[in-house]
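This report introduces a protein chain to a reader who has not met it before. It goes from the whole chain to its parts.

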Amino acid sequence: MAMRARTAAGVRRWSTRVPDVPAGSVADHAVDWLVLTYRLPAKPPSLRATVHRKLRAAGAVYLLPACAAAPLSSPAERAMRQAQATIVAAGGSATLLTGRALVGEPELTGAFDAVRDVEYEDVITGCRDALAELEELATARDFRYQLPWDKDIGLRQLTARCRAVSGQDLLGAPQAEAAAAALARYRSALDEYAARIK
């Protein structure tokens with residue numbers, strides 16, 4: 001893959017280097033996108049799910065049934081190249097492109113943010129449910145030694161999930177701060193519960 005880069009002298013040169021883009025920094029400038037279009041063979045039928053899973057793990061969103069896009073980053077490119085190789089090895093065809101949206105950038109970034117927001121909402125819901133359980137236990141004055149350990153496992157899982165979503169959230173989805181705040185509330189409530197165990 002090659003990208004054009006403008007030098008200080010204004011001359012365009014081609015570069016094959018894929019930039020590592022830290023989370024939250026892409027929204028400050030025009031977004032370069034990776035787009036994978038593909039056609040799957042009829043068999044095996046499980047290939048569709050495998051490809052879909054690989055692309056979702058890369059943080060890609062589907063623009064059409066066989067066309068996925070993600071903001072350009074090294075991890076997304078690696079994952080999309082792996083999906084492309086999987087498709088071709090199974091007898092299908094796939095093309096991986098990079099570029100900028102000429103028209104429809106707000107809709108594309110909106111679709112990407114919407115997927116991240118759903119994932120962040122899962123974290124928020126998990127924290128909300130765990131907080132409700134802790135409040136019920138505290139109201140019932142049920143302070144058992146083992147419970148904080150069990151709840152801490154849940155907190156670590158939700159934190160890891162939020163970190164994974166954040167790693168794909170190159171555009172700064174609106175629910176990112178709410179998810180971080182929900183995790184902080186859960187962590188604080190768990191600390192308070194543990195402090196009341198005698």
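The paragraphs below take up the overall layout, then the sheet, the helices and a few single residues.

## Overall layout

The coordinates come from a predicted model, and every statement here should be read with that in mind. The protein chain contains five helices and six strands, which follow one another along the sequence in the pattern β-β-β-α-β-β-α-β-α-α-α. Of the 198 residues in the protein chain, 35% are buried. Among the contacts in the protein chain with a separation of 6 or more, 78% are made by residues 24 or more positions apart.

## The four-stranded sheet

Four strands form an open sheet in the order β4-β5-β3-β6, and their pairing is antiparallel. Strands β4 and β6 (93–99) stand at the edges with a single partner strand each, so one side of each has no neighbour in the sheet. From one strand to the next, the twist averages 25°.

The pairings within this sheet are set out in the table, with the number of bridges and one pair of opposite residues for each.

| Paired strands | Sense | Bridges | One opposite pair |
|---|---|---|---|
| β4 (residues 61–64) and β5 | antiparallel | three | Y62 and A68 |
| β3 (residues 33–39) and β5 | antiparallel | five | L34 and A70 |
| β3 and β6 | antiparallel | seven | T37 and T95 |

Helix α2 packs on the sheet, where it touches β3, β5 and β6, and its direction makes about 10° with that of β3.

Strand β5 deserves a closer look: how many of its residues are buried? Strand β5, which spans residues 67–71, is mostly covered, with five of its five residues buried. The cover extends to both faces of β5, since C67, A69 and P71 on one side and A68 and A70 on the other are all buried. Two of these residues also appear in the table, with A70 as the bridge partner of L34 and A68 opposite Y62. The connection between β4 and β5 is a hairpin, which joins the two strands through two residues.

## Two helices side by side

Two packed helices are described by the angle between their axes and the distance between the axes. In this model, the axes of helix α1 (residues 47–57) and helix α2 (residues 74–89) come within 9 Å and cross at roughly 170°. Because of that angle, α1 is roughly antiparallel to α2. On the α1 side the meeting residues are L47, V51, K54 and L55, while on the α2 side they are A79, M80, A83, T86 and I87. Sorted by character, the residues of this contact between α1 and α2 comprise seven nonpolar, one polar and one charged.

One of these residues, L47, can be followed further. L47 has its place in helix α1, and L47 is buried, with a relative accessible area of 6%. Leaving out residues up to four places away in sequence, L47 touches L40, P41, T86 and A90. The partner A90 is 43 residues apart from L47 along the chain, yet the C-alpha atoms of L47 and A90 are separated by 8.0 Å.

## A buried threonine in helix α4

T159 lies in helix α4, which covers residues 146–168. Is T159 buried or exposed? With a relative accessibility of 15%, T159 counts as buried, and, apart from its neighbours within four places in sequence, T159 is in contact with L183 and R187.

## The cysteines

A disulfide is a covalent bond between the sulfur atoms of two cysteines. How many disulfides does a search of the whole structure find? The search finds zero disulfides. C127, for example, is in no disulfide, and the cysteine sulfur nearest to that of C127 belongs to C162, 7.9 Å away. Why is there no bond between C162 and C127? The closest cysteine sulfur to that of C162 is the one in C127, and the 7.9 Å between them is too far for a bond. Both residues are nevertheless covered: C127 is buried, with a relative accessible area of 1%, and C162 is buried as well, with a relative accessible area of 10%.

Methods. Residues numbered from 1 in each chain as written. Predicted model: local features only at pLDDT ≥ 70, side-chain atom pairs only at ≥ 80, totals over all residues. Heavy atoms only, no water. Buried < 20%, exposed > 50% of the residue type's maximum accessible area, 1.4 Å probe, protein only. Pairing = 2+ DSSP bridges. Axes fitted to C-alpha atoms, helices over the stretch in contact; angles between N-to-C directions. Parallel < 35°, antiparallel > 145°, perpendicular 65-115°, else oblique. Contact = heavy atoms within 4.5 Å. Nonpolar A, V, L, I, M, F, W, Y, C, P; charged D, E, K, R; others polar. Disulfide = S-S within 2.5 Å.
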